[in-house]
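Student: I have a structure open and would like to reason through it with you. Could we take it step by step?

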Amino acid sequence: MSERPSKKANSPAEQRRLQMADIARLAGVSVSTVSRALNGSSLVNDETRTRVAELARSLNYSINLGAQNLRLQKNRTVAVVLPYEASSRQHISDPFFLALIGSIADALTDQGYDMLLSRVDAEHLDLAAQFYDSGKAIAVLMIGQWRHHDQLNALAARQLPLVVWGGALPQQLYCSVGGDNRAGGLQATRHLLGLGRRRLAFLGDAQLPEVWLRREGHHQALAEAGLSPDAALELALPFEPVGARAVLERWLPQMPDVDAVLACSDLLALQAIQVLRAQGRRVPEDVAVVGYDDMPLAAYCEPPLSTVHQPVAEAGAELVAALTAQLRGERASSRTLAVELIVRRSTV
């Protein structure tokens, strides 16, 4: 009588069982507790659930709780994650963040989803997976790529439903939706050069992908005018206004020949205008200033700010459309939205 063939040790089901046993051993709990924790059971306390989820990630153990909950119609929550930098602690009340979060919230509500708003350290973007792994959310919308494009690629490789507000980059595995940053930098710099300005300061941290793309457009416009980029005119500034102001107060007095400023946010542009005025320099007569984003405050400051308009009103719908496509099992392509230079009295 022949023996029944044994289950292959390398079958997916067996691999998952062995991984779950490893998690249980490392967490000091039973396999059944691990199973309940990974399924978001209320029988397991929050501390144990978090520890099990972290161990599961470290072992590359993937349980698609989001899809499971969606099939069972138990969960319609999307995690909207806003990273923060420990050094600057840029506040969630930043006007651009508020506008984008509002646009996303409207779009999610229109599609019948709830929103879980949270923050993670910008140095550890992979922590955003905890909302999906724990079953709290069926997908993640990330606001900004920050400096860890590689971590976002790793999340996408795990098949985590993920869409990121940001710029399309080479070798990108995740789906992004964002304004045309290169075109924004190009339009703003062409405008300043067309006014006869030649010593253009660029304010923004080009280690951030969106700012890097804006600087690429800035450099293209300089090249079209026969000018070479000058590293001395490029200042890596945080988006957080207080920290940016302190740096500008030290830097701008050393640049008396600067006759134009391209700032990578409206708040940075307003800080630059205040520092210039404190030095007795007039805007736009002595120094023309262009911002970025076109937040409502840009039209009402003095002088009203020339700025690159980001399509925030459309952004929420585009981000949510890309995410729901992934939840349906479709491949969502990255999308680049048109931007437009709005000319006001800070330049003319």
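**Working through the model**

Tutor: Gladly! Let us begin with a loop: Trp-146 sits between β3 (139-143) and α7 (149-157). Keep in mind that this is a predicted model.

Student: What is the phi of Trp-146, given that it is not a glycine?

Tutor: Start with its surroundings: Trp-146 belongs to the loop between β3 and α7. Its relative accessibility is 8%, so it counts as buried. Although the residue is not a glycine, its phi is positive, at about 55 degrees.

Student: How many helices and strands are there in the chain?

Tutor: Let us set the scene before counting. The chain has 348 residues, and 53% of them are buried. Of the contacts between residues at least 6 apart in sequence, 71% join residues at least 24 apart. As for the elements, the chain holds 12 helices and 12 strands.

Student: Let me zoom in on α11. What span does it reach from its first C-alpha to its last?

Tutor: Helix α11 covers residues 266-278, which makes 13 residues. At 1.5 Å a residue, 18 Å would be expected. The span in the model is close to that, at 19 Å.

Student: Which residue caps the N-terminal end of α11?

Tutor: Look at the loop between β8 and α11, where the capping residue is found. One of its side-chain oxygens lies 3.4 Å from the backbone nitrogen of Leu-267. The same side chain reaches the backbone nitrogen of Leu-268 at 3.1 Å. The N-terminal cap of α11 is Ser-265.

Student: Is Ser-265 buried or exposed?

Tutor: Its contacts are a good place to start: leaving aside residues up to four places away in sequence, Ser-265 touches Phe-239, Gly-291, Tyr-292 and Asp-293. Then apply the cut-off, under 20% relative accessible area for a buried residue. At 7% relative accessibility, Ser-265 is buried.

Student: Which strands are included in what covers the buried residues of α11?

Tutor: The residues being covered include Leu-268, Ala-269, Ala-272, Ile-273 and Leu-276. Helix α10 (241-251) is part of the cover. The strands included in it are β6 (200-203), β8 (260-263), β9 (288-293) and β10 (306-309).

Student: What handedness does the unit of β8, α11 and β9 have?

Tutor: First check how the two strands run: β8 and β9 pair in the parallel sense over three bridges. Within this pairing, Leu-262 has Val-290 in β9 as its bridge partner. With α11 included, the β-α-β unit is right-handed.

Student: How many residues of β9 are buried?

Tutor: On its β10 side, β9 runs parallel to its partner, with four bridges joining them. There, Tyr-292 stands opposite Val-308 in β10. β9 is largely enclosed by the rest of the structure, because its buried residues number six of the six.

Student: What is the phi of Asp-293, which is not a glycine?

Tutor: Asp-293 is found in strand β9. With 7% relative accessibility, it counts as buried. Its phi is positive, about 120 degrees.

Student: Which residue follows the Val-283 peptide bond that is cis?

Tutor: After α11 comes Gly-280, with a positive phi near 85 degrees. Farther along, the loop between α11 and β9 contains a proline. The peptide bond leading to this proline from Val-283 is cis, with omega near 10 degrees, and the residue is Pro-284.

Student: How many residues apart in sequence are the parts tied together by Arg-344 and Asp-294?

Tutor: The side chains of Arg-344 and Asp-294 meet in a salt bridge, 3.1 Å from N to O. Arg-344 lies in the segment after β12 (340-342) and Asp-294 in the loop between β9 and β10, so the parts that the pair ties together are separated by 50 residues.

Student: What N to O distance does the salt bridge between Glu-302 and Arg-345 have?

Tutor: Glu-302 is partly exposed, at 48% relative accessibility. Arg-345 also counts as partly exposed, at 44%. Their side chains meet in a salt bridge with an N to O distance of 3.2 Å.

Key
Residues numbered from 1 in each chain as written. Predicted model: local features only at pLDDT ≥ 70, side-chain atom pairs only at ≥ 80, totals over all residues. Heavy atoms only, no water. Expected span 1.5 Å × (residues − 1). Buried < 20%, exposed > 50% of the residue type's maximum accessible area, 1.4 Å probe, protein only. Contact = heavy atoms within 4.5 Å. Polar contact = N/O pair within 3.5 Å; in protein donor to acceptor, adjacent residues only side chain to side chain. Salt bridge = Lys/Arg side-chain N within 4 Å of Asp/Glu carboxyl O. Pairing = 2+ DSSP bridges. Right-handed = clockwise from strand over helix to strand, strands pointing away.
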